[in-house]
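The exercises below are meant to be worked with the sequence and the coordinates open side by side. Each task is followed by a solution that proceeds step by step.

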Amino acid sequence: MDKVKVLQRYLPPDAAPLIGRWIDYFKCEFKISRNRNSKFGDYRPPFDGKGHRISVNYDLNPYAFLVTTVHEFAHLHTWNEHKHKAKPHGTEWKNNFKRMMQPFFEKEIFPPDVKAAIVSYLNNPAASSCSDLGLYRSLRKYDAPKEDVHTVEKIPVHALFKIKDGRVFRKEEKLRKRYKCTEVATKRVYLFSPVAEVELIKD
Ligand SMILES: [Zn+2]
């Protein structure tokens with residue numbers, strides 16, 4: 001399938017053609033990762049006969065996907081210019097990140113609040129990681145609401161719910177700060193945090 005069409009499923013559509021051109025220009029192996037890890041994206045420099053590799057998590061919203069993609073391409077570009085001489089999130093990377101964000105600002109890809117968060121991130125010399133909280137909090141607002149995801153405190157007492165590994169529980173009463181929940185299959189009692197995300201089982 002056409003690369004840009006695939007990218008448009010993950011990126012703001014108007015941003016996809018330029019990212020497609022970067023993939024070609026930098027001869028980068030670009031992977032949309034289904035791994036559920038804590039990192040949003042990853043860049044690996046050429047090694048052992050392999051070229052540049054970037055992976056970005058598939059489950060980011062389009063703005064977070066774009067910011068992460070540009071973040072990783074800035075690592076690639078910094079690697080091409082400086083190899084090991086530049087720190088991963090040092091001045092060289094930051095300047096490249098800033099410069100590589102510009103075309104997306106010019107195309108007005110971002111809503112104003114996201115743009116403001118990115119600009120303040122780019123201008124803050126202390127912000128140096130892949131996971132600036134202020135930035136990602138403003139990006140997270142654009143996540144699609146997850147279907148059937150509730151928190152333990154929000155579901156009714158005696159409701160059945162499922163957790164990620166598939167086990168089913170019944171919510172019982174609150175004990176101090178946590179909720180007693182009985183695993184249906186084993187009748188064992190567990191304590192759940194009120195904000196644990198669970199899938200509600202209807203009827
Ligand atoms: Zn990084």
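**Exercise 1.** In this predicted model, determine how many bridges join β4 to β9 and in which sense the two strands run, and then place β9 within its sheet.

*Solution.* Begin with the pair itself: β4 and β9 run antiparallel and are joined by three bridges, with V149 standing opposite E199 of β9. Next, turn to β5 (residues 160-162), which also pairs with β9 in the antiparallel sense over three bridges; here L160 has I201 of β9 as its bridge partner. These pairings belong to an open sheet of six strands, whose order is β4-β9-β5-β6-β7-β8 and whose pairing is antiparallel. The edge strands, each pairing on one side only, are β4 (149-151) and β8 (189-192). On average, neighbouring strands of this sheet are turned by 50 degrees against each other, if direction is ignored.

**Exercise 2.** Assign the residues of β9 to a covered and an uncovered face.

*Solution.* The general expectation comes first: in a regular strand the side chains alternate between the two faces of the sheet. In β9 (residues 197-201), the covered face holds V198 and L200, whereas E197, E199 and I201 make up the uncovered one.

**Exercise 3.** Decide whether F192 counts as buried or exposed, and list its contacts beyond its neighbours within four places in sequence.

*Solution.* Locate the residue first: F192 lies in strand β8, which is joined to β7 (residues 178-183) by four bridges, the two strands running antiparallel. Within that pair, C181 is found opposite Y190 of β8. Then apply the accessibility criterion: the relative accessibility of F192 is 12%, and because buried means under 20%, F192 counts as buried. Finally, collect the contacts: with its neighbours within four places set aside, F192 touches V152, F161, I163, F169, R178, Y179 and C181. One of these partners, V152, is 40 residues away from F192 along the chain, yet their C-alpha atoms are separated by 7.3 Å.

**Exercise 4.** Describe how α4 and α5 pack, giving their angle and the distance between their axes, and classify the residues that form the contact.

*Solution.* The angle between helix α4 (residues 91-106) and helix α5 (residues 112-123) is about 155 degrees, and their axes are 10 Å apart. Since angles over 145 degrees count as roughly antiparallel, α4 and α5 are therefore roughly antiparallel to each other. The crossing in which α4 passes α5 is left-handed. On the side of α4 the contact involves W93, K94, F97, K98, M101 and F105, and on the side of α5 it involves K115, I118, V119, Y121, L122 and N123. Sorted by class, this contact has eight nonpolar, one polar and three charged residues.

**Exercise 5.** Identify which residues of α2 are buried, what covers them, and how α2 meets α4.

*Solution.* In helix α2 (residues 16-25), the buried residues are A16, L18, I19, G20, W22 and I23. Their cover includes α1 (3-7), β1 (28-33), α3 (62-82) and α4. For the last of these elements, the packing angle with α2 is about 150 degrees, and the axes are 10 Å apart. The contact brings L18, I19 and W22 of α2 together with M100, P103 and F104 of α4, and its residues divide into six nonpolar, no polar and no charged. As a last step, inspect the backbone just after α2, where K27 takes a positive phi of about 50 degrees.

Key:
Residues are numbered from 1 along each chain as its sequence is written. This is a predicted model: local features need pLDDT of at least 70, side-chain atom pairs count only at pLDDT 80 or more; totals for chains, interfaces and linings use all residues. Side-chain values use heavy atoms; hydrogens and water are left out. Axes are lines fitted to C-alpha atoms, for helices over the stretch in contact, and angles run from 0 to 180 degrees between N-to-C directions. Angles under 35 degrees count as roughly parallel, over 145 as roughly antiparallel, 65 to 115 as roughly perpendicular and the rest as oblique. A crossing is left-handed if the near helix is turned anticlockwise from the far one by less than a right angle, and right-handed if clockwise. Contact means heavy atoms within 4.5 Å. Ala, Val, Leu, Ile, Met, Phe, Trp, Tyr, Cys and Pro count as nonpolar, Asp, Glu, Lys and Arg as charged, and the others, Gly among them, as polar. Buried means under 20% relative accessible area, exposed over 50%, partly exposed in between (1.4 Å probe, protein chains only). Two strands pair if DSSP finds at least two bridges between them.
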